[in-house]
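Reader: I would like a close look at a single part of this model, beginning with one residue inside the protein and then moving to the surface beside the DNA. Please define your terms as you go.

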Protein chains: 2
Amino acid sequence: MTTSRDDRPAGLRERKKARTRAAIQDHALRLFIEQGYAATTVEQIAEAAEVSPSTFFRYFPTKEETVLYDRLDPVLIESFLNQPPELSPLAAVRGALHAIFDSLDSEESELERARQRLVFSVPELRARLLDQVAGGLTMLNDAVAKRVGREPDDFDVRVWSGSLIGILVAAYLASIEDGSDDFIGYFDRALTRLEEGVPLQP
Amino acid sequence: MTTSRDDRPAGLRERKKARTRAAIQDHALRLFIEQGYAATTVEQIAEAAEVSPSTFFRYFPTKEETVLYDRLDPVLIESFLNQPPELSPLAAVRGALHAIFDSLDSEESELERARQRLVFSVPELRARLLDQVAGGLTMLNDAVAKRVGREPDDFDVRVWSGSLIGILVAAYLASIEDGSDDFIGYFDRALTRLEEGVPLQP
DNA sequence: TGTCTTTTGACAGTAGCTCTCATTTGATGC
DNA sequence: GCATCAAATGAGAGCTACTGTCAAAAGACA
């Protein structure tokens, strides 16, 4: 049997769980946008999703996590690792970014953008997001090391990965500040600068 | 009259406030190290510092802040801005880092290191630290822009600042992982790499 | 249908944090 | 010194995120 994507919904139990999880997350996001993050209590979310508060915490360890859980992250890493081996690390990064973000339909990317706006405007969430980014740095560093055939604790590799993440964050912030939706374009330009050795003439 | 450093303790009130603040922070740090961060309650800290819990929250908005408040941060920025104008941005960064960290006596830097270890081991604190780093990026970006005579939203400037911060964080993490105390040395090497255009050959 | 396992809800409890109000304590003019 | 005012403090009530326990409900499987 061949199911197109999310392979095998399996039992009723699993499907119900997935639905509950999605319901909680959706209602949470909606309420946060409508009334603000702090002003929305877990109890309200639970009620909206028609579960008890206890159940809420069985699905999400913290209120923050309903917003922070990023479905794209693991997909991005996987895509990076699957880029053709003859590509340079930087070209592979570029390829992975495009592969993922160009595949989102307009509804998905609109929701994703709403989520990002929320994360950036709530200090609490922003802080945890950055911690995730730092975690991503380790993963990226390992992947880069593998790709260029060096050790993960190689200093050049670490510095390179660090600059890459720093550049991406800076480009992302720039796109937000400019009010632009085209963060992929910003990423591209930033990657090109890194390719050129991060020049900076007065 | 010449007071050596912290100019004019002024009134009794001010001095008492400063003492209370320091007491809270010191006892908090001590208790965190002794019993762990989560296991230490605000009530315990308040009791140790001989103030009421209400007073604790008048001095620090959150429990986290007792650890996170970094006295070196504003000093670093100031030092960067005061570096001789003929230096390149990168040389100015190097100069500022050395100016500050080389001036710490052994007790100060030991305490600072204990604080850093704590911050890095508690996810909650680490997350907020990173948010501070992101805030620092904006300040750095503005300072760099001024230094090279460009606009703060200049893309090259942003990318450069981003890569610098990313590199410093990566170098810092590397020093921690290696168990080295010489993070200044790591910073230096990382800065040199940036100077060379962040090369990475396979 | 009956049994076993997972999921759920009710409830109680802890701790971070806010707010209010009365009391104390340092600053200041006389 | 003393009276007056502003700032600092403590006591206490209250909200909410989060944890842990236990019994009831619902799906899996025979």
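**From a buried residue to the DNA surface**

Author: B:Glu112 is buried, with a relative accessible area of 7% (buried means under 20%, exposed over 50% and partly exposed in between, using a 1.4 Å probe and protein chains only). This is a predicted model, in which local features need pLDDT of at least 70 and side-chain atom pairs pLDDT 80 or more, while totals for chains, interfaces and linings use all residues; side-chain values use heavy atoms, without hydrogens or water. Residues are numbered from 1 along each chain as its sequence is written, with chains lettered from A and ligands numbered from 1 in the order written.

B:Glu112 belongs to helix H7 of chain B, residues 106-121 (helices are DSSP runs of H or I with at least four residues, numbered from the N terminus). Leaving aside residues up to four places away in sequence, B:Glu112 touches B:Asp70, B:Arg71 and B:Leu72, contact meaning heavy atoms within 4.5 Å.

Turning to the DNA, 19 residues surround strand D, where near means a heavy atom within 4 Å. H3(B) supplies the largest share of this surface, four residues. Polar contacts, pairs of N or O atoms within 3.5 Å, reach several parts of the strand: a polar backbone atom of A:Lys63 is 2.7 Å from a phosphate oxygen, a polar side-chain atom of B:Arg13 is 3.3 Å from a sugar or linking oxygen, and a side-chain N or O atom of B:Ser54 is 3.1 Å from a base nitrogen.

Conventions:
Helices (H or I, at least four residues) and strands (E, at least two) are DSSP runs, numbered from the N terminus. A polar contact is a pair of N or O atoms within 3.5 Å; within protein, one must be able to donate a hydrogen and the other to accept it, and residues adjacent in sequence count only if both atoms are side-chain atoms.
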